[in-house]
Amino acid sequence: MTAVELASAVKAGTTTARKATEDALAAIGARDGEIHAFNHVMGDEARTAADAIDRRIAMGEDPGPLAGVPIALKDNMCTRGVPTTCSSKILEGWRPPYDATVVERLHAAGAIVIGKTNLDEFAMGSSTENSAFGPTRNPLDTSRVPGGSSGGSAAAVAAGYVPLAIGSDTGGSIRQPAALCGVVGVKPTYGLVSRYGLIAFASSLDQIGPFAHTVADAALLLEVIAGHDPMDSTSLERPAPEISSRLTTGVEGLRVGIVQELTQGIDDDVLARMHEAADALTAAGAKVGDASVPAAIYGLTAYYLIAPAEASSNLARYDGVRYGLRTDGVDITQMYGTTRANGFGAEVKRRIMLGTYALSAGYYDAYYGQAQRVRTLIIRDFEAAYADYDLLLSPTAPTTAFEFGAKTANPLAMYMSDVCTIPSNLAGHPAVTVPFGTGDDGLPVGVQIMGPNLSEPTVFRAAATLEAAAP
Amino acid sequence: MTDILEGWEIVVGLEVHCELRTETKLFCGCRNAFGDEPNTNVCPVCLGLPGSLPVLNRQAVEYAMRIGEALHCEIRPSIFHRKNYFYPDMPKDYQVSQYDEPINVDGW
């Protein structure tokens, strides 16, 4: 059952929130020992919340558009009283005293938060192999990664535990795992969804977004979580967009450009699926052409200066003084050093060091400053492309899901997994991935649709068209 | 002694810290009050908890502009920078302050 159908059924009384919750918990219990999508299952909290929803329905109230729908939450979003670890030893067991704004909005919409999902530590990674608590397995082939960093959330939906999940996307961390797990994933326009309560990795790039089986479910969830939040100064001062009501209006007359720079270095079978998706849009009345975003070829390089730089600052607070892991030392300097040495994994340390170096005196302008100037070029090249095209198209990831250990020997090989997704984080504009067929290995392929800032209604229309045409 | 002093110009800089009389703190809604029980006028933002974000106090900006007027400054659009260092009294291990584009310049 989709989230849309489930919420309707709960409100109509043909099922209950409690039953939906028990079904989700049973599915998790049956299979998550193998998959490890969850760091923490909130059985008691979920049952209590579900019973409260059912009581309200019995009294004739409407608990909201997601009434009774179980949802999984990436473990880098604060949940009051419930462990929030970022899959790191340095926050193991930490219970925030507050809920992220996204969590408050989910509660207000009647959704049931069923648990916190696994991720690459502090959202740094593309396979969920960087989790300090063990990897998550791709439910479609457990010898393979689910992608990352939101691998747990992608797997929770792909495994059928829950119809909806929430992830965060800084360089592709929603879209790439969605593609590798065969589900829909969305990175909204920067500023559309509040980051208050999202544990920061790279503040100018991070965005929260939905995972779902269907475009309509993703639209519903995005409408619930989007919209201005006074607690986030980067939150756009506008209400949530209307997407669901315009989903089925089709793509007739829309101009769609295939971003040439993002078709380089892609596996042949993945590229073939993307061209078939382009053909499907043409068949549905869109005008498809070739677009160019020349500076996109510098996306990875700019990102791997900007993101680590911002991360080095955002992760300074994990110092053993007030919360989380503390390893004592003879003095504070040693305490700081051994706490962070023990608490952070290798990839986190690598990025903190890279970022600190890029921001250091004498290098700040040559590295961080230069990367930000390149970012402006990427933004301008996208703007030029959007003068000719309403939407842009590309593969979401260069390959299908890869095997555990296939890319861990060389960090740069892993970083290449995000070559198609990173430009959209640098530019800020929205991007959606839709499953579209499989590779030669039978594993899912995702196709990415991008649009100008705040064009979610148009992007989702194209996503819905591709969903209907998918093989 | 006067031979030693010749050729040297005495320059004195004053770094003045001034607490602003605002109702709430600079980046959050906690009461800007002194003398209360410890750890009562606190929230995730001023504690620098993971996930927290600052929201600038409008009154503080207005006071800064008034100070700028009083000191004949050019008052400009300004930005905040992070001054990153580790110290146990600083929850985020960075200070949020102004650096190369401050609100008031060239005063006297």
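## Helices H7 and H15: running opposite ways

H7(A) and H15(A) are roughly antiparallel to each other, because their angle falls over the 145 degree cut-off. The angle itself is about 160°, and the two axes sit 9 Å apart. To find this pair in the predicted model, look for residues 215-225 of chain A, which form H7, and residues 456-469 of chain A, which form H15.

Which residues of H7(A) and H15(A) meet? On the H7(A) side you'll find Val215(A), Ala218(A), Ala219(A) and Leu222(A). Across from them, H15(A) brings in Glu456(A), Phe460(A), Ala463(A), Ala464(A) and Glu467(A). Sort this contact by class and you get seven nonpolar residues, two charged ones and no polar ones.

## Helices H2 and H3: another antiparallel pair

Now move to H2(A), residues 17-35, and to helix H3, residues 43-58 of chain A. The axes of H2(A) and H3 come within 8 Å and cross at roughly 160°. H2(A) and H3(A) are therefore roughly antiparallel to each other.

From H2(A), the contact uses Ala17(A), Arg18(A), Thr21(A), Glu22(A) and Leu25(A). H3(A) adds Gly43(A), Ala46(A), Arg47(A), Ala50(A), Asp51(A), Ile53(A) and Asp54(A). What classes of residue make up the contact of H2(A) with H3(A)? Five are nonpolar, five are charged and two are polar.

## Helices H9 and H12: an oblique crossing

Next up are helix H9 (residues 299-314) and helix H12 (residues 365-388), both in chain A, whose axes come within 9 Å and cross at roughly 130°. That angle makes H9(A) oblique to H12(A). As for handedness, the crossing of H9(A) and H12(A) is left-handed.

H9(A) touches H12(A) through Gly299(A), Ala302(A), Leu305(A), Ile306(A), Ala309(A) and Glu310(A). H12(A) answers with Tyr367(A), Tyr368(A), Ala371(A), Gln372(A), Val374(A), Arg375(A) and Ile378(A). In class terms, that contact has nine nonpolar, two polar and two charged residues.

## Two cavities

How many cavities of 30 Å³ or more does the structure hold? There are two. The largest has a volume of about 50 Å³. Its lining is made of Ala123(A), Gly125(A), Thr170(A), Gly171(A), Ser173(A), Phe201(A), Tyr303(A), Tyr304(A), Arg351(A) and Asp418(A). That's a mix of four nonpolar, four polar and two charged residues.

The second largest cavity holds about 40 Å³ of space. Lining this one are Ala179(A), Leu180(A), Val270(A), Ala397(A), Thr399(A), Thr400(A), Pro444(A), Val445(A) and Gly446(A). Helix H6 (175-181) and strand E11 (444-450) of chain A are the elements that give two or more residues to this lining, and E11(A) has the largest share, with three residues. By class, the lining of the second largest cavity splits into six nonpolar, three polar and no charged residues.

## A pocket with a share from H2

Let's finish with the second largest pocket, which has a volume of about 280 Å³. It is lined by 14 residues, and the closest to its centre are Met1(A), Leu6(A), Ala20(A), Asp23(A) and Pro163(A).

Which helix gives the largest share of the lining of the second largest pocket? Helix H2 of chain A does, with five residues. The pocket's lining divides into nine nonpolar, three polar and two charged residues.

Technical notes
Residues are numbered from 1 along each chain as its sequence is written. Chains are lettered from A and ligands numbered from 1 in the order in which they are written. This is a predicted model: local features need pLDDT of at least 70, side-chain atom pairs count only at pLDDT 80 or more; totals for chains, interfaces and linings use all residues. Side-chain values use heavy atoms; hydrogens and water are left out. Axes are lines fitted to C-alpha atoms, for helices over the stretch in contact, and angles run from 0 to 180 degrees between N-to-C directions. Helices (H or I, at least four residues) and strands (E, at least two) are DSSP runs, numbered from the N terminus. Angles under 35 degrees count as roughly parallel, over 145 as roughly antiparallel, 65 to 115 as roughly perpendicular and the rest as oblique. A crossing is left-handed if the near helix is turned anticlockwise from the far one by less than a right angle, and right-handed if clockwise. Contact means heavy atoms within 4.5 Å. Ala, Val, Leu, Ile, Met, Phe, Trp, Tyr, Cys and Pro count as nonpolar, Asp, Glu, Lys and Arg as charged, and the others, Gly among them, as polar. On a 1 Å grid over the protein atoms alone, a cavity is a set of points where a 1.4 Å probe fits but cannot get out, and a pocket is an open set with protein on both sides within 12 Å along at least five of seven lines; lining residues have an atom within 4 Å of a point. Grid points are joined across faces, edges and corners, and a volume is the space filled by probe spheres set on the points.
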